[in-house]
Amino acid sequence: MPTYDFICNQCGFLFSEFINIKDKDKVKCPKCNGSVTQRFTGFVYTRKGDSGQGGCAGSCSSCSGCK
Ligand SMILES: [Zn+2]
């Protein structure tokens with residue numbers, strides 16, 4: 001079962017859920033319980049501050065997007 005990334009439509013919170021794809025419509029924002037939009041994994045994140053091509057190179061304490 002893959003992990004899906006979602007972004008909240010209301011507060012913009014980005015998070016990952018480990019779910020069956022058929023349950024994705026039930027996913028709500030963990031912060032504000034708002035509706036969310038799926039983001040597709042494999043999308044290349046181009047955030048400022050990340051070093052290297054893999055985000056944080058395994059030390060995810062400073063990164064939430066490179067698992
Ligand atoms: Zn939210």
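Modeller: Accessible areas here come from the Shrake-Rupley method with a 1.4 Å probe. Keep in mind that we're looking at a predicted model.

Colleague: Okay, so how much accessible surface does the chain have?

Modeller: About 5,100 Å², and carbon and sulfur atoms hold 52% of that. As for the 67 residues of the chain, 21% count as buried.

Colleague: What elements should I look for along the chain?

Modeller: Reading from the N terminus, you get β-β-β. That's three strands and zero helices. Among contacts with a separation of 6 or more, 30% link residues 24 or more positions apart.

Colleague: Now the metal. Which residues coordinate the zinc ion?

Modeller: Cys8, Cys11, Cys29 and Cys32, each through SG, at 2.2 to 2.3 Å. Along the chain these donors are spaced C-x2-C-x17-C-x2-C.

Colleague: And what do Cys8 and Cys32 tie together?

Modeller: Cys8 sits in strand 1 (residues 3-8), while Cys32 is in the loop between strand 2 (14-18) and strand 3 (36-39), so the pair joins parts 24 residues apart in sequence.

Colleague: How do I read the arrangement of the donors around the zinc ion?

Modeller: Start with the general idea: for four tetrahedral donors, the ideal angle at a metal is 109.5 degrees. In this structure, the four donor atoms subtend angles of 99 to 120°, which makes the arrangement tetrahedral.

Colleague: Last one: are Cys8 and Cys32 buried or exposed?

Modeller: The cut-off for buried is under 20% relative accessible area, and for exposed over 50%. Cys8 has 4%, so Cys8 is buried. Cys32 comes out at 36%, so Cys32 counts as partly exposed.

Key
Residues numbered from 1 in each chain as written. Predicted model: local features only at pLDDT ≥ 70, side-chain atom pairs only at ≥ 80, totals over all residues. Heavy atoms only, no water. Donors = N, O, S within 2.8 Å, 3.2 Å for Na, K, Ca; no water. Tetrahedral: all angles 85-135°; square planar, octahedral: opposite > 155°, others 65-115°. Helix = DSSP H or I, 4+ residues; strand = E, 2+ residues; numbered from the N terminus. Buried < 20%, exposed > 50% of the residue type's maximum accessible area, 1.4 Å probe, protein only. Contact = heavy atoms within 4.5 Å.
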